Amino acid sequence: MSLLELRNVSKVYGELKALDKVSLHVDQGEWVAIMGPSGSGKSTMMNIIGCMDKPTSGEVLLDGVDISKESSKRLTDIRRDKIGLIFQQFHMVSYLTAVENVMVSQYYHSMPDEAEALEALGRVGLRERARHLPSQLSGGEQQRVCVARALINHPELILADEPTGNLDEANENIVLDLFAQLHKEGTTLIVVTHDPEVADAAQRTIVLEHGKVAREVINENFGK
Amino acid sequence: MTKRKMFLRMITASLLRRRSRMLIALLSIGIGATILAGLVTIYVDVPRQMGAQFRSYGANMLILPREGETLTRADLDETLQAIPREELVGAAPYRYVRLDMTSRQQSFTAAGTDFAGVTQTSPYFSVEGAYPAQTRELLVGKEIAETIGVKVGSTMELTWQPTAAASELSPEESRVPGASLSGSAEGFGGGMVYVTAALNEDAAIDSLTVDVSTQTAEYGGRIPEDETFLAQFTGKTLPLTLGEDVDALSGATVTSGAIVDALNRAVQAAAPAKPRTVIFTVTGILTTGGEEEGYVFLSLQDMESMTGSDRLDVVELSVSAGADQLQTYADAVTGSGGKAQARLVKRVTRSEASVLEKLTALVFLVTLVVLLLTMICVSTTMMAVVSERRREIGLRKALGASDSSIRAEFLGEGLFLGLLGGVMGAVLGFVFAQAVSVNVFGSSITFQPLLLPAAILVSMAIAALSCLLPIRRAVAIDPALVLKGE
């Protein structure tokens, strides 16, 4: 069953066609990587899937709902309820502790629950660092907090933008292991990346070039 | 944890953990609130401060006898009831007469007054030496002192000559035989005893009527019924001595004495005025820069014993009140139907009112400017805070914050800043106002308890208003910016 489906989605900025009639679908529970060189339309696609932008034409079905024509207020609601975001730059609120950063996500979603937030930090191995400010955490630790924050509201879809772009190899592996766990639990993962190694961890890789899907690669070795 | 708790935790953390940034915002609002609270305190206090200040420029109200009436010291005390004691800075009664200095064949205007009152109503009087402290002491105006060459410690022999004007006060007919006399004196327990005596052709008492209604009924009050006691007076010539000419009524000695005193006073007042001479010691030379330098000043007691009258010509009052309030008091005095009428010294009250008006207008203007500057400053700081936190705002929106959440958070921070700034402003503002008051006006001010909530509310309102534009900008931030890996 498909969680996300793009039908002939185009995004035009003046003369530039950032996305050109792209169609793709992602099944519930699937782990998909999106690759492509700079300017291939990755970011645009990410914005559209993440409910932060609307396509010029085409349909985007998220969980059976066409989000391509929703108001930005509705898009905010959908993003909050269904999507967990992970960013390349981590993006934590600098003056809040790790656990408070996780709670911010709960706060906007429903109700802040410190015990649950601490448990989520435990899952990413940072139970002990819960009271630290972002400036007291390493990049890898910050990204793990962001993973905890993304999963705290049990989203249908976790959307990660270059999640390991700023990490060393050890931390990259930790984050990928966390993704693997989430995948096992049935969470749908879409990971935008440059890094072939990160893409190789996914079940399927979609390669974008010049705003079009150039090819799709099924990872034969997935799970092995 | 409730949403509200988390909200408070976020905004307080934002302010407390980003100290250096928020300190600037807090400082701008705190300083603004300080100056505002200080100015408002001064603004409220200025009339009082200046009122006290103005009093050093002299009397602002005059009490004069009503036309055809005579004002005495006793009447004055009654008149002053109309003015609240705490607002009455001072009262200086004056009685003016001409006194002759026979040795130099000159005459001067002499003012009988109460020197304690003068020091309060005319603090600008400059005395070389000292004010007279007892009877037979004289304060001499500089002009006179230079003319006749007296110094502190010199003596001056002054004579009072009854004039036509003075004779008027002791009507001719009251002195002739066959007239009637009336007088009063203080009896038992402070109540007044009034007497009226008709004189026969030999100026002896023909008949006597007493009014002792203020006296104790079973003692002094018995006198009108006591024929024997009253009969003693018939045929006697005034003045009388109790115990010699007449005997006191037993059990009513005080009242009896009062009747005798009243009669003696009546006859004394009716007696033809005689010239009296007193040798004064000069205790001080007065410099005022005004016409007072051409006067000599003596105590009211001396004036009374020389002229035999306790009438007053004018009483200068210094009242610490605004022009409108003064007019109310003056109307109360004039309208009371007593012997006195009050007038404002327009020259003083008008200039006071205009100076006050200008001063309050100035403070008001400065307050307005400071208010505006504070708002601009806070707004600019908040604007900087918003652009500095663009990414955080984008992140919050990406995490699902609605526009109203972003608004609430920034407004919350603004209000919290306003609260802190307000407390700071109220406390420091009072210190500031106190410093200004002590340095400029030379007097301290009392803390207005209302200042604290008022300062907090105002600075919260300013903070909230200043946040409006920055908030609009924050709301307009695109959440997608967090994805671009900036």
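Here are some friendly notes on this predicted model, taken point by point.

1. **Overall make-up of chain B.** Let me start with the broad picture. Chain B has 486 residues, and 37% of them are buried. Its secondary structure consists of 15 helices and 15 strands. If you take the contacts in chain B between residues at least 6 apart in sequence, 79% of them link residues at least 24 apart.

2. **Where the two chains meet.** How many residues of chain B are in contact with chain A? There are 24, and they touch 30 residues of chain A. On the chain B side, helix H1 (3-16) and helix H13 (390-398) each contribute at least two residues. H1(B) gives the most, with six residues. By class, the chain B side of this contact holds 12 nonpolar, five polar and seven charged residues.

3. **H2 against H15 in chain B.** Helix H2 (residues 19-54) of chain B packs on helix H15 (residues 451-475) of chain B at an angle of about 135°, and their axes are 10 Å apart. Angles over 145 would count as roughly antiparallel, so H2(B) and H15(B) are oblique to each other. Their crossing is right-handed. From H2(B), the residues at this contact are B:Ile29, B:Gly32, B:Ala33, B:Leu36, B:Ala37 and B:Thr41. From H15(B), they are B:Leu451, B:Ala455, B:Val458, B:Ser459, B:Ile462 and B:Ala463. Sorted by class, the contact comprises nine nonpolar residues, three polar ones and no charged ones.

4. **H2 against H14 in chain B.** H2(B) also packs on helix H14 (residues 403-441) of chain B, here at an angle of about 35° and with the axes 6 Å apart. The crossing of H2(B) and H14(B) is right-handed. The residues in this contact are 17 nonpolar, 12 polar and one charged.

5. **A residue worth a look: B:Ala463.** This alanine belongs to helix H15 of chain B. Is B:Ala463 buried or exposed? It has 31 other C-beta atoms within 10 Å, and the cut-off for a buried residue is 20 or more, so B:Ala463 is buried. Setting aside neighbours within four places in sequence, B:Ala463 is in contact with B:Ile29, B:Val378, B:Gly414, B:Leu415, B:Leu417, B:Gly418 and B:Gly421. One of these, B:Ile29, is among the H2(B) residues that meet H15(B). You may also like to check B:Leu411: it is 52 residues from B:Ala463 in sequence, with 8.4 Å between the two C-alpha atoms.

6. **Strand S14 of chain B.** Five of the six residues of strand S14 (residues 314-319) of chain B are buried, so the strand is largely enclosed by the rest of the structure. Which strands pair with S14(B)? Strand S1 (residues 61-65) of chain B does so in the antiparallel sense, over three bridges. In that pairing, B:Met61 has B:Leu317 as its bridge partner. Strand S3 (residues 88-101) of chain B is joined to S14(B) by six bridges, and these two strands also run antiparallel. Here B:Gly90 is opposite B:Ser318.

7. **A three-stranded sheet in chain B.** Strands S8-S9-S10 of chain B, in that order, form an open sheet with antiparallel pairing. At its edges are strand S8 (180-186) and strand S10 (205-211), each with a single partner strand, so one side of each has no neighbour in the sheet. The average twist from one strand to the next is 20°. Strand S9 (residues 192-199) of chain B is linked to S10(B) by six bridges in an antiparallel arrangement. Within it, B:Val195 is the bridge partner of B:Val210.

8. **The sheet in chain A.** Chain A has an open sheet of four strands, with the order S2-S1-S4-S5 and antiparallel pairing. Which strands stand at the edges? They are strand S2 (16-27) and strand S5 (65-66) of chain A; each has a single partner strand, so one side of each is left without a neighbour in the sheet. Strand S1 (residues 2-13) of chain A and strand S4 (residues 57-62) of chain A run antiparallel and are joined by five bridges. One position to inspect is A:Ser10, which stands opposite A:Ser57 in S4(A).

Technical notes: Residues numbered from 1 in each chain as written. Chains lettered and ligands numbered in written order. Predicted model: local features only at pLDDT ≥ 70, side-chain atom pairs only at ≥ 80, totals over all residues. Contact = placed C-beta atoms within 7 Å. Nonpolar A, V, L, I, M, F, W, Y, C, P; charged D, E, K, R; others polar. Buried ≥ 20, exposed ≤ 12 C-beta atoms within 10 Å, placed from the backbone. Pairing = 2+ DSSP bridges. Axes fitted to C-alpha atoms, helices over the stretch in contact; angles between N-to-C directions. Parallel < 35°, antiparallel > 145°, perpendicular 65-115°, else oblique. Left-handed = near helix turned anticlockwise from the far one by under 90°.
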